[in-house]
Amino acid sequence: MARRARRRRPAGARRRGAAASAPSPETPIKQLEFQTLRIFMAVADTGSLSAAAERSNIAVAAISKRIADLEHSMGSQFFHRHARGMHLTPAGRELLQHAREIIFSVDRMHNNLSRYALGVKGHVRVAATGSAVSEFLPDELKRFGDRCPNIVIDLAEWTSQRIANAVLEGRVDMGIFVGPSTHQDLVTFAYRHDELCIVAPPAHPLARRESARLADAVAYDIIGLEPRSSIAQHVVAEGGPGLKIRISVRSTDALCRMVAAGLGVGIAPKRIAQTHVASMEVRIVELAEPWAQRDLLIAVRSEEGLSTPARMFLAHCRGMAEPAAAPPGRR
């Protein structure tokens with residue numbers, strides 16, 4: 001019997017049911033364009049496709065496809081998908097670290113080059129808490145500006161948690177926030193010491209005391225700072241069920257004005273509040289709580305990754321650090 005001739009499969013074809021071959025080494029690099037990395041970071045940070053879509057202003061379906069294509073091209077699964085959201089796999093955590101470094105470097109390159117085109121010799125992005133912005137940075141920025149007039153400091157005032165996240169994500173070069181830091185990927189240095197106090201109207205019962213506990217203050221209406229601030233979070237956490245926050249404001253200046261008007265008592269940074277004692281008729285009372293003594297930290301992702309202007313500003317700020325602040329090091 002004559003043998004039936006075998007049909008030859010076209011080149012590149014595979015048997016039915018056979019596993020797909022792994023992507024070639026060149027494929028993932030070509031497909032790792034910056035927008036995909038930004039989308040991956042948004043999903044990793046928010047833990048949700050819908051939240052990442054809102055942040056990136058891209059449809060959820062498009063976000064999902066980008067992530068799926070990225071996983072296919074790299075031959076790895078980067079997320080565990082659950083009903084409660086998206087959680088990074090070990091491979092995803094590794095990619096997130098590299099993605100942040102890549103995007104941080106590219107953004108810094110674009111910013112620095114655009115500034116050079118305008119005649120500026122350097123640009124440093126800094127985020128700091130309200131107390132650092134009001135108490136310490138004005139004089140230090142003046143000194144640094146006199147020494148380095150061609151370096152521009154882009155300063156944002158944010159809460160401590162937001163600052164730490166911004167440093168980690170590369171949206172700022174360095175941050176100044178209230179310690180301690182819980183982020184192991186941040187390198188922190190001592191900066192300044194800060195103290196909280198009670199601000200009361202002159203005729204208030206607390207105004208006659210040298211010191212008081214928070215429990216003494218919560219018997220009265222409280223003027224609070226914005227809820228996301230570290231001060232407000234301490235007051236809420238320690239104040240207990242009797243806490244009555246009458247008004248929330250964004251600055252110590254506004255808090256002191258509300259206190260001077262007799263609307264309640266407030267918890268604020270002592271150095272800032274003291275500047276308003278004469279002009280606003282308020283009294284300063286020591287806050288006898290352990291958390292009233294605060295250490296401000298300078299945080300960067302790494303010294304090596306900073307631009308030359310950023311390293312210069314970091315050295316300037318470290319040179320102004322107070323001995324009472326927390327010891328430097330990786331937290």
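Mentor: Before we start on this predicted model, one cut-off: a residue is called buried if its relative accessible area is under 20%.

Trainee: OK, which residues of helix H10 are buried?

Mentor: Along residues 230–239, the buried ones are Ser230, Ile231, Ala232, Val235 and Gly239. By the cut-off, each of those has a relative accessible area under 20%. For the spacing, keep in mind that residues three or four places apart in an α-helix point the same way, because there are 3.6 residues a turn.

Trainee: And what is the phi of Gly240, just after H10?

Mentor: Positive, at about 80 degrees.

Trainee: What makes the phi of Asn57 worth a remark?

Mentor: Its phi is near 60 degrees, a positive value in a residue that isn't glycine. Most residues other than glycine have a negative phi. Asn57 sits in the loop between helix H3 (49–56) and helix H4 (60–74).

Trainee: Why is Asn57 called exposed?

Mentor: Exposed means over 50%. Asn57 has 72% relative accessibility, so it counts as exposed.

Trainee: Then how do you class Glu281: buried, partly exposed or exposed?

Mentor: Partly exposed is the range between 20% and 50%. Glu281 comes out at 45%, so partly exposed is the label. Glu281 also has a positive phi, about 55 degrees, without being a glycine, and it lies in the loop between helix H13 (277–280) and strand S11 (283–287).

Trainee: How do you know that the peptide bond joining Gly179 and Pro180 is cis or trans?

Mentor: Look at omega: it is about 0 degrees, and the bond is cis. Most peptide bonds are trans. Pro180 is in the loop between strand S5 (174–178) and strand S6 (187–200).

Trainee: On to pockets. What lines the largest pocket?

Mentor: There are 24 lining residues, with Gln97, Arg100, Leu168, Asp185 and Arg301 nearest the centre. Two helices, H5 (90–117) and H8 (160–169), give two or more residues each, and H5 has the largest share, eight residues. The space in this pocket is about 560 Å³.

Trainee: How does that lining divide by class?

Mentor: Eight nonpolar, six polar and 10 charged. Asp and Arg count as charged, so Arg100, Asp185 and Arg301 belong to that class.

Trainee: And what makes up the lining of the second largest pocket?

Mentor: Six nonpolar, 10 polar and seven charged residues. Gly130, Glu157, Glu226, Ser229 and Arg250 lie nearest the centre. Gly counts as polar, so Gly130 goes with the polar class. Helix H6 gives the most to this lining, three residues, and the pocket holds about 440 Å³ of space.

How values were computed:
Residues are numbered from 1 along each chain as its sequence is written. This is a predicted model: local features need pLDDT of at least 70, side-chain atom pairs count only at pLDDT 80 or more; totals for chains, interfaces and linings use all residues. Side-chain values use heavy atoms; hydrogens and water are left out. Buried means under 20% relative accessible area, exposed over 50%, partly exposed in between (1.4 Å probe, protein chains only). Helices (H or I, at least four residues) and strands (E, at least two) are DSSP runs, numbered from the N terminus. On a 1 Å grid over the protein atoms alone, a cavity is a set of points where a 1.4 Å probe fits but cannot get out, and a pocket is an open set with protein on both sides within 12 Å along at least five of seven lines; lining residues have an atom within 4 Å of a point. Grid points are joined across faces, edges and corners, and a volume is the space filled by probe spheres set on the points.
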